[in-house]
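User: I would like to go through the terms used for this model and see what each one rests on. Please set every value against its cut-off.

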Amino acid sequence: MSRVYVFDHPLIQHKLTHIRDKNTGTKEFRELVEEVAMLMAYEITRDLPLEEVEIETPVAPAKAKVLAGKKLGLIPILRAGLGMVDGILRLIPAAKVGHIGLYRDPETLQPVEYYIKLPTDIDERELIVIDPMLATGGSAAAALAALKKRGARSLKLMCLIAAPEGIARVQEEHPDVDIYAAAVDERLNEKGYIVPGLGDAGDRLFGTK
């Protein structure tokens, strides 16, 4: 069974409160989402392997640690996932970025893949799938399945806010994928929105309705 990590860092929780606030405008909302994504990336990369190298400081030779070459990939789910990418890239500028576009079929209500562009070596990378809202879990589960079908072997799911229903679906369909969230909220309402949530993340990021 996949594990769920909820980040209780004070800075993340403080910024998430302002993200939730309906009076927060588009510019500030976008900046806050980037900042929280960067703080979450700091935590989500905690287990990256290190190796020892020898360097010269201005004072003396020294043995020091660097990342051991683990390749990373960021896969935002369009469109709201785009709002978190730049914040993560500030910490991990060498990460490759792929994209997955999904829409919900109005009749079946199932996610349909309409766009996918990935790094060629996803089977060698640790991939972080990014979607601000894990609501029903349909889009996230479909994105993870699409990546596995194309050879992905190491996957994590990163979101700002998760609903219990979405967590349960991802755990059922992808028990090998750990979930990282800044908050787990109460439930979904009849329209599939997370309660209390933050509304529609894509609309608030891009100023649309």
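User: Why is Tyr-103 called partly exposed?

Analyst: This is a predicted model, in which local features need pLDDT of at least 70, side-chain atom pairs count only at pLDDT 80 or more, and totals for chains, interfaces and linings use all residues. Residues are numbered from 1 along each chain as its sequence is written, and side-chain values use heavy atoms, with hydrogens and water left out. Buried means under 20% relative accessible area, exposed over 50%, and partly exposed in between, with a 1.4 Å probe and protein chains only. Tyr-103 has a relative accessible area of 41%, so Tyr-103 is partly exposed. Tyr-114, at 49%, also counts as partly exposed.

User: What makes Tyr-103 and Tyr-114 a tilted pair?

Analyst: Rings of Phe, Tyr and Trp (its six-membered ring) pair if their centres lie within 6.5 Å; planes under 30 degrees apart count as stacked, over 60 as edge-to-face and the rest as tilted. For Tyr-103 and Tyr-114 the values are 6.3 Å centre to centre and 40° between the planes, which fits a tilted pair. Tyr-103 lies in strand S6 (residues 99-104) and Tyr-114 in strand S7 (residues 111-117), 11 residues apart. Strands (E, at least two residues) and helices (H or I, at least four) are DSSP runs, numbered from the N terminus.

User: How many aromatic pairs are there by this rule, and why is the pair of Tyr-5 and Tyr-180 called stacked?

Analyst: The count comes to 3 aromatic pairs. The ring centres of Tyr-5 and Tyr-180 are 4.8 Å apart and their planes stand at 15°, so this pair is stacked. Tyr-5 belongs to strand S1 (residues 4-6) and Tyr-180 to strand S11 (residues 178-184), 175 residues apart. Tyr-5, Phe-7 and Tyr-180 form one aromatic cluster.

User: Which class of exposure does Tyr-5 fall into, and which does Tyr-180?

Analyst: Tyr-5 has 29% relative accessibility and therefore counts as partly exposed. Tyr-180 has a relative accessible area of 7%, so Tyr-180 is buried.

User: Which residues line the second largest pocket?

Analyst: A pocket is an open set of points on a 1 Å grid over the protein atoms alone, where a 1.4 Å probe fits, with protein on both sides within 12 Å along at least five of seven lines; lining residues have an atom within 4 Å of a point. For the second largest pocket the lining includes Tyr-5, Phe-7 and Tyr-180, along with Arg-3 and Glu-43. Its space is about 160 Å³.

User: What is the volume of the largest pocket, and which residues are closest to its centre?

Analyst: The volume is about 840 Å³, taken as the space filled by probe spheres set on the points, which are joined across faces, edges and corners. Of the 30 lining residues, Arg-104, Asp-131, Met-133, Ala-135 and Ser-139 are the closest to the centre.

User: Which residues does the UniProt annotation "binding site" cover?

Analyst: In the unreviewed UniProt entry it covers Ile-194, Gly-199, Asp-200 and Ala-201. The lining of the largest pocket takes in these four residues. Such annotations may be inferred rather than shown by experiment.

User: Why is Ile-194 called buried, and what does Ala-201 touch?

Analyst: Ile-194 has a relative accessible area of 6%, so Ile-194 is buried. Ala-201 is buried too, with 6%. Contact means heavy atoms within 4.5 Å. Not counting residues up to four places away in sequence, Ala-201 touches Phe-29, Ala-80, Pro-132 and Met-133.
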